[in-house]
Every structure is written in C-alpha cells, then in structure tokens.
Amino acid sequence: EADNEQEHQSYELKRNGEKDAERYMKKLVDERRQSLEQRNATARAQRNFLDEEEARALQHEQESIALKLAGERDADEYRKKLAEERRQSFAQRNLYARGQRDKQYEEERQAWKAEHESYELKWAGDKDAEAYKQQLEKERRESLAFRNKESFQHAKVMDELRAIEREREAESFMLKWD
C-alpha cells in the first residue's frame, strides 16, 4: 500500500510537473505573441512615420537608423533572454526527471533487496524445518531401536524365568513322587 501511495505521489508530481511545463510553454507563447504584436505595431508606426516624414527623410535619417538599431538590439537581447530561460527550464526539468528516475531506481532496488532477504529467510526456515524433521526421524528410529532391544531382552529374561519355573515345577513334581 505504501508502494502504491509512493507511486501515486510520484505520478502526481510528474503530472503537476507536466502541467507546470504546459503553463510555462503557454506563457512563453503568449509573451512571444505579445512581443510580435508589439514589434509589429512598432514597425507599423515606424513605416507610417517614415511615410509622413519622407519629405524630411534626409534630416531624420540618422535618427531613424539609430532607433532601428536600438530596437534590433533590444529584440536580440529579448530573444537571447527567452532562449536562456528555455535552457534553464529544460535543465530544471531534466534535473527533476533525473531525481525522479533515481528515486524510482532506489525504490526498486530496495524492493528487490527486501524480496531477496525474504527469500533468504524462507530458505533458511525451510532448511531449519528439514533439519528438525531429520532430527525427529533420527530420534524416532533410535527410540524404536531401543524399545526393540528392550523388548527382546525382556522376552529373553521372561523365557529364562519360565524355564526356571518349569525346572522348579519339574523338581517339585519329582520330589513329590519320591
């Protein structure tokens, strides 16, 4: 039952991790979408501005180029930041998954070890039971041999006593007739 609960907890942790990953991925998609919308809006505004200021393009060209370069730098920095966040998230998920695998491996190893110890105890118990049976059988054989020996000696003594009694009766009978 504890294994089932641990397995359930492990499943719940995995499920929660997957949900967190899904939420995180949705957040990244939303942020990217918002970023694209923002950049699109900025680009539209810049195009409109350039259309309106085309007449004064020479005068403002330097300023436009500077703004464009700054926007590109910001976009590159943002993309780099997102890539780094993705790498860190992946590393954390890998670390978590490795921990879960290690934990599962350790639980399986402990279960195998406990099962092995259980078998060893069972085998030792079977061996002890067999030795006990053999000891009881040996004692029974020895007891039977002793009782047979006693019975044989008793029968021998009884035969001798009967023979002595017959001799006495015969002597007594002979003495009666004398």
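**Notebook: salt bridges**

I looked first at a linked group of charged side chains, and found Asp30, Arg33 and Glu37 joined in a network of salt bridges. I keep in mind throughout that this is a predicted model.

Within that network I followed the pair Glu37 and Arg33, whose side chains meet in a salt bridge at 3.0 Å, N to O. Both residues belong to helix α1, and because they are 4 residues apart there, about one helical turn separates them. I then looked up their accessibility: Glu37 is partly exposed at 44% relative accessibility, and Arg33 is likewise partly exposed, at 39%.

Next I turned to Asp20, which forms a salt bridge with Arg23, and I noted 2.2 Å between the closest N and O atoms. Helix α1 covers residues 2-52, and Asp20 and Arg23 lie 3 residues apart in this helix, so about one helical turn lies between them. For Asp20 I recorded a relative accessible area of 42%, which makes this residue partly exposed.

I went on to helix α2, residues 57-177, where Arg87 and Glu84 are 3 residues apart and therefore separated by about one helical turn. Arg87 forms a salt bridge with Glu84, with the closest N and O atoms 2.9 Å apart. The accessibility I noted for Glu84 is 33%, and the residue counts as partly exposed.

As a reminder to myself, side chains of opposite charge can pair when their charged atoms come close.

How many salt bridges does a search of the whole structure find? I noted a total of 11 from that search, and the pairs entered above include Asp20 with Arg23 and Arg87 with Glu84.

Note on methods
Residues are numbered from 1 along each chain as its sequence is written. This is a predicted model: local features need pLDDT of at least 70, side-chain atom pairs count only at pLDDT 80 or more; totals for chains, interfaces and linings use all residues. Side-chain values use heavy atoms; hydrogens and water are left out. A salt bridge is a side-chain nitrogen of Lys or Arg within 4 Å of a carboxyl oxygen of Asp or Glu. Helices (H or I, at least four residues) and strands (E, at least two) are DSSP runs, numbered from the N terminus. Buried means under 20% relative accessible area, exposed over 50%, partly exposed in between (1.4 Å probe, protein chains only).
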